[in-house]
Amino acid sequence: MTTVQMARYMITFVWLYHGIFPKLVHVAPLEQLMTGSIGFSDDISYLITKAAGIGEVIFGLLFFVFYKTKLMNILNILALAFLLLSVAMLQPQLLIEAFNPVTTNLPIMVFSFVLLNEIKQGKLK
């Protein structure tokens, strides 16, 4: 398996996993904490979390198909940076927990930088 395919599969896996398991199959308390900290009620937080899960699954599937495009990789980097900054602003204590957004988002962003480098060098067509 090539480095490109490893990056593609890992980015896709992370989006699908984080959309499906802590949001769709079982709403993780930390997910509701994040939306609740914006001021939404429990019911609305639940719906927002479910919608975010659907959005993450859709993004993961789109990434799997369009991983060779510069735009998709830039969107991945921006989305992960936005999510990381959101946690930093809304629940900064989560940044020092085990398996936190820093240790999840930054490596996945790096994979997109690897793919962007491959695109720039003309190796992905």
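A crossing of two helices is left-handed if the near helix is turned anticlockwise from the far one by less than a right angle, and right-handed if clockwise. I took helices as DSSP runs of H or I with at least four residues, numbered from the N terminus.

I noted that this is a predicted model, in which local features need pLDDT of at least 70, side-chain atom pairs count only at pLDDT 80 or more, and totals for chains, interfaces and linings use all residues. Residues are numbered from 1 along each chain as its sequence is written, and side-chain values use heavy atoms, without hydrogens and water.

**Entry 1: H3 and H4.** I found that H3 passes H4 in a left-handed crossing. On the side of H3, the contact (heavy atoms within 4.5 Å) is made by Phe59, Leu62, Phe63 and Phe66. H4 contributes Met72, Asn73, Leu75 and Asn76.

**Entry 2: length of H3.** I checked H3, residues 42–66. Its 25 residues should span 36 Å at 1.5 Å a residue (1.5 Å times one less than the number of residues), and the end C-alpha atoms are 35 Å apart, which agrees.

**Entry 3: burial.** I looked up which residues of H3 are buried (under 20% relative accessible area, 1.4 Å probe, protein chains only); among them are Ser45, Lys50, Glu56 and Phe63. Their cover includes H1, H2, H4 and H5.

**Entry 4: the core.** The largest nonpolar core (buried Ala, Val, Leu, Ile, Met, Phe, Trp, Tyr and Cys residues joined through side-chain atoms within 4.5 Å) has 16 residues, of which Ile11, Phe63 and Leu115 touch the most other members. H1 gives the most to this core, with five residues. I also noted that Leu115 touches residues including Ile11, Phe63 and Asn73, not counting those up to four places away in sequence.

Technical notes:
Axes are lines fitted to C-alpha atoms, for helices over the stretch in contact, and angles run from 0 to 180 degrees between N-to-C directions. Helices (H or I, at least four residues) and strands (E, at least two) are DSSP runs, numbered from the N terminus. Buried means under 20% relative accessible area, exposed over 50%, partly exposed in between (1.4 Å probe, protein chains only).
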